Amino acid sequence: MVGAPRLFGTNGIRFRPGVDFGLDTVVRIAEAIGTFFATSPILLAHDGRLSSPTLERAVASGLLGVGLQVRRAGLLPTPALQYGTHKLGYRGAVMITASHNPPEYNGIKVMSADGVEIPRPEEVEIEQLYADGATRRADWAHVGTVTDENRVVETYLDGILDLIDRKQVRARHFTVVLDVGNGAQAVAAPYLLEELGCKVVTLNGQVDGNFPGRGAEPTPDNLAALSETVRATGAELGVAYDGDGDRSLFCDEKGIVHWGDRSGALLAQHVLKRQRGATIVTTVSTSQVVEDVALPLGGRVVRTRVGSIEVSRRMLELDALFGLEENGGCFYGPHLSVRDGAMTTALMLETLATQKVPASARFAEIRRYHQTKTKFPCPAERKEKAVAYIAERARGRVDRTDGVKLWLNDHSWILMRPSGTEPLIRVFAESDDPKTLEAMVRKYAHVVAEATKK
Ligand code: MG
């Protein structure tokens, strides 16, 4: 049986409102989501995008038409909505966000009662309901109502603070530069840092759906202002969030921005020291630095397909302590198994507070590997064949968790995987030796290029 066409990508439904489809379609998608949930109340929130308040109304309409009760939480970071859903006892939640995508995009994420994005099979159920038009319709006496939910930010911040050694962090009076990137963490993270006794210098602190500061996606290449401000103010730490505040990148007191696998490894080490032998979940594209820090502390490292939902769901299955992605997504199980920029920042401050050495010295303890990331155009319909072509030519230790991951030796690997959202094959490679890395990438770039043309 051929299933319904996919609406959900790697991370929710993403589209350009009014370009890819209009509000009528959004209402029908929301009807399918509401039919899937069947019971209420449903928590609804949105990020700071220009189209978000309009989409919020369209999604509310769809849910109400099915007969559900909707509680509007307004502008929130995604992890705040997720924590609120779980902690305040909602049946489920919908978040209007396109995370780090350009301003013209928006999207819809659906959470279960546990606050985590629904698993893949449930996405397929919603797609099927939508494709079949098999959505419920409440009669005039049973349409839902909308009321406001104002407790989420406070609940979220209290939940983070409860897990942190506040006294130890406060005693350090850290100065932190916070680049919220015109995104949704503006309504939560600055207050968290104040509670932790930090002096906060804010960059791009106004919520603005055009993301005029440095765009919605923080990368080591667009955080020059953060680095400069950290150095100019003598701050101990800099942090930058993506548009919906679930991912964070850090910069040390010297202004050096570190990729997410290095900051995630530092935090994995921190939490494993308190809970030796616990499980850490990460994707196949994350650096082997995770094993470097976890194995000496008795940690078990479990790797998943790429995508935050894969990490979240596996963490729940295994009752894992911590999860991480190379893009700056960190998941702290005792809080909630979802990516969370503010929770991650609090853990970073906590680990810095445990030792009287600067952040740069802590990062220096994390082994540095040579890495390459590149991508090859590949039409969506050819992706599967391309991956099969690559797999046939891969020799040695091969991992097929996601695409093809090939180990050339104990410290050198190359991952070639189809993008979940774009017509691309993505290539990640890592080695402890730059020459091995270069040779490996050259050889397999050729194979991938051939594969995308066959
Ligand atoms: Mg995000």
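## Strands 12 to 16: an open sheet

Two strands count as paired if DSSP finds at least two bridges between them. Strand 14 (residues 322-324) and strand 15 (residues 330-332) are joined by three bridges and run antiparallel. Phe-322 faces Tyr-332 of strand 15 across this pairing. The model is a predicted one.

Both strands belong to an open sheet of five strands. The order is 13-12-14-15-16, and the pairing is mixed. Strand 13 (300-304) and strand 16 (336-339) are the edges. Each has a single partner strand, so one side of each lacks a neighbour in the sheet. From one strand to the next, the twist averages 15°. Helix 11 (residues 308-318) lies across strand 12 (279-283), strand 13, strand 14, strand 15 and strand 16. Helix 11 runs at about 140° to strand 13.

## Phe-322 and the nonpolar cores

The largest nonpolar core has 67 residues. Which of them touch the most other members? They are Leu-196, Phe-322 and Leu-349. Helix 12 (residues 341-354) gives the most to this core, eight residues.

Phe-322 has a long reach in sequence terms. Leaving aside neighbours within four places in sequence, its contacts include Gly-264, Leu-267, Ala-268 and Val-271. Thr-279, Ile-280 and Val-281 are also among them, as are Met-315 and Leu-347. Cys-330, Phe-331 and Tyr-332 touch Phe-322 too.

Another core, of 30 residues, lies apart from the largest one. Among its members are Ala-58, Leu-64, Ile-118 and Leu-129.

## Strands 1 to 6: another open sheet

Six strands form an open sheet in the order 1-5-4-2-3-6. Its pairing is mixed. Strand 1 (13-15) and strand 6 (146-148) stand at the edges. Each pairs with a single strand, so one side of each is left without a neighbour in the sheet. Neighbouring strands here are turned by 20° against each other on average, direction ignored.

Inside this sheet, strand 2 and strand 3 (residues 70-75) pair in the parallel sense over five bridges. Ile-42 has Val-70 of strand 3 as its bridge partner. Helix 2 (residues 52-66) lies across strand 1, strand 2, strand 3, strand 4, strand 5 and strand 6, at about 165° to strand 2. Helix 3 (residues 78-87) lies across strand 2, strand 4 and strand 5. Its angle to strand 4 is about 170°.

## The magnesium site

Which residues supply the protein donors of the magnesium ion? They are Ser-99 (OG), Asp-242 (OD), Asp-244 (OD) and Asp-246 (OD). These donors lie 2.0 to 2.1 Å from the ion. Their spacing in sequence is S-x142-D-x1-D-x1-D.

Ser-99 sits in the loop between strand 4 (92-96) and strand 5 (106-111). Asp-242 sits in the loop between strand 9 (237-241) and strand 10 (248-251). The pair therefore ties together parts that are 143 residues apart in sequence.

Are Ser-99 and Asp-242 buried or exposed? The cut-off for buried is under 20% relative accessible area. Ser-99 has 2% relative accessibility, so it counts as buried. Asp-242 is at 0%, so it is buried as well. Ser-99 also has a phi near 50°, a positive value in a residue other than glycine.

## Ser-287 and its surroundings

Ser-287 lies in the loop between strand 12 and helix 10 (289-294). Its relative accessible area is 2%, so Ser-287 is buried. A polar atom of its side chain lies 3.0 Å from the backbone nitrogen of Val-289. The Ser-287 side chain also makes a polar contact of 2.5 Å with the side chain of Glu-430.

What else is in contact with Ser-287, leaving aside its neighbours within four places in sequence? Besides Glu-430, the list holds Asp-261, Arg-303, Tyr-369, Gln-371 and Trp-413.

## The loop between helix 1 and strand 2

This loop, between helix 1 (23-37) and strand 2 (42-46), holds Pro-41. A cis peptide bond joins Ser-40 and Pro-41, with omega about -5°.

Ala-38 is found in the loop between helix 1 and strand 2 as well. Its phi is near 70°, a positive value in a residue other than glycine. At 34% relative accessibility, Ala-38 counts as partly exposed.

Notes: Residues numbered from 1 in each chain as written. Predicted model: local features only at pLDDT ≥ 70, side-chain atom pairs only at ≥ 80, totals over all residues. Heavy atoms only, no water. Helix = DSSP H or I, 4+ residues; strand = E, 2+ residues; numbered from the N terminus. Axes fitted to C-alpha atoms, helices over the stretch in contact; angles between N-to-C directions. Contact = heavy atoms within 4.5 Å. Core = buried A, V, L, I, M, F, W, Y, C linked by side-chain atoms within 4.5 Å. Buried < 20%, exposed > 50% of the residue type's maximum accessible area, 1.4 Å probe, protein only. Donors = N, O, S within 2.8 Å, 3.2 Å for Na, K, Ca; no water. Polar contact = N/O pair within 3.5 Å; in protein donor to acceptor, adjacent residues only side chain to side chain.
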